[in-house]
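Let's walk through this one together, beginning with a covalent link and working outward from there. Have a look at the model first.

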Amino acid sequence: MEIFRKGQISVYIVVASLIMILAVIYFIQAPSQSSRMMARPIPSQTEEFQDGSIFLKSCLDDAAEIVVGDFAITGSQALYKQTLLIGEIPRAVFSSPADVPSIDDAIETSRKSFETQLDNCLMDQEFPYDLIAEDATVDVSYSNGRLLFRTYPVIAKSGSISRTYDAFVNSVTYPLEEYLNDAKAAVEAIAQDPESINISALLSINAYHTIKQVDAETYDITLSADGWPGTSYSFIAKVR
């Protein structure tokens, strides 16, 4: 009986020793694990918001290019009820020089289109914060062959943290005034003499151009101004 009790005591001593050894190992390793966790770099909120600014600027740069590209290829068909499909592209139909949009009309159409593109940027899931632009103002102006798109303000928000981006300015090279003036001259040349299109008048326009006859009274015209590579303006000229 005494030998059994001694055996039990020995087992208890061994178990207690193992527990003490494991406890010592745990307390030795715990500080080092904590130190490693504290040593991990914590992303700076300022840096993340800066990344958001870069993302949004890039998205709005693309948006401005899309707006100008749509205007150039459709003749700003959004302004007009009369359009004609060329392939799958609806183009504005001009029957007189007065039908060609003014600069103010073109700028206003571009502003509305840019607002739509801004909404698309705000809904992009790549940006980790909620982007808010409910009260944002979009201004579009034209000067010296450049369209300027200005958006302000936009708020990036994550929980209780927010950052306001004061303004984004996006610029696209596009000789809007020149193209609209050339379009008026082309429409006038075609409308003057339905029986014999005044080619000499068309050739005097200060732009390279292509003219495709759709039917006896309809001409598909694309202007491409000398000195403005990579830009163009397309529309339909229709004999009155």
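The torsion about the S-S bond of Cys59 and Cys121 is about -95°, so this disulfide is left-handed. Keep in mind that you're looking at a predicted model, so the geometry here is computed from its atoms. The sulfurs of Cys59 and Cys121 sit 2.1 Å apart, S to S, and the structure holds just this one disulfide.

Which parts of the chain does the pair link? Cys59 belongs to helix α2, which covers residues 45-74, while Cys121 lies in helix α3, residues 103-122. That puts the two cysteines 62 residues apart, so to speak, in distant parts of the chain. Both Cys59 and Cys121 are buried.

Now follow α3 itself. With 20 residues at 1.5 Å each, α3 should span 28 Å, and its end C-alpha atoms are indeed 28 Å apart, which agrees. Cys121 has buried company along this helix: Ala106, Ile107, Thr109, Ser110, Phe114, Gln117, Leu118 and Leu122 are buried as well. When you read that list, remember that an α-helix has 3.6 residues a turn, so residues three or four places apart point the same way.

Stepping back, the protein has five helices and eleven strands. Buried residues account for 33% of its 240 residues. Of the contacts between residues at least 6 apart in sequence, 56% join residues at least 24 apart. As for the outside, the accessible surface comes to about 14,700 Å², with 55% of that belonging to carbon and sulfur atoms.

Definitions and conventions:
Residues are numbered from 1 along each chain as its sequence is written. This is a predicted model: local features need pLDDT of at least 70, side-chain atom pairs count only at pLDDT 80 or more; totals for chains, interfaces and linings use all residues. Side-chain values use heavy atoms; hydrogens and water are left out. Helices (H or I, at least four residues) and strands (E, at least two) are DSSP runs, numbered from the N terminus. Buried means under 20% relative accessible area, exposed over 50%, partly exposed in between (1.4 Å probe, protein chains only). Contact means heavy atoms within 4.5 Å. Accessible areas come from the Shrake-Rupley method with a 1.4 Å probe; for residues, only the protein chains shown count as cover. A disulfide is a pair of cysteine sulfur atoms within 2.5 Å. The expected span of a helix is 1.5 Å times one less than its number of residues.
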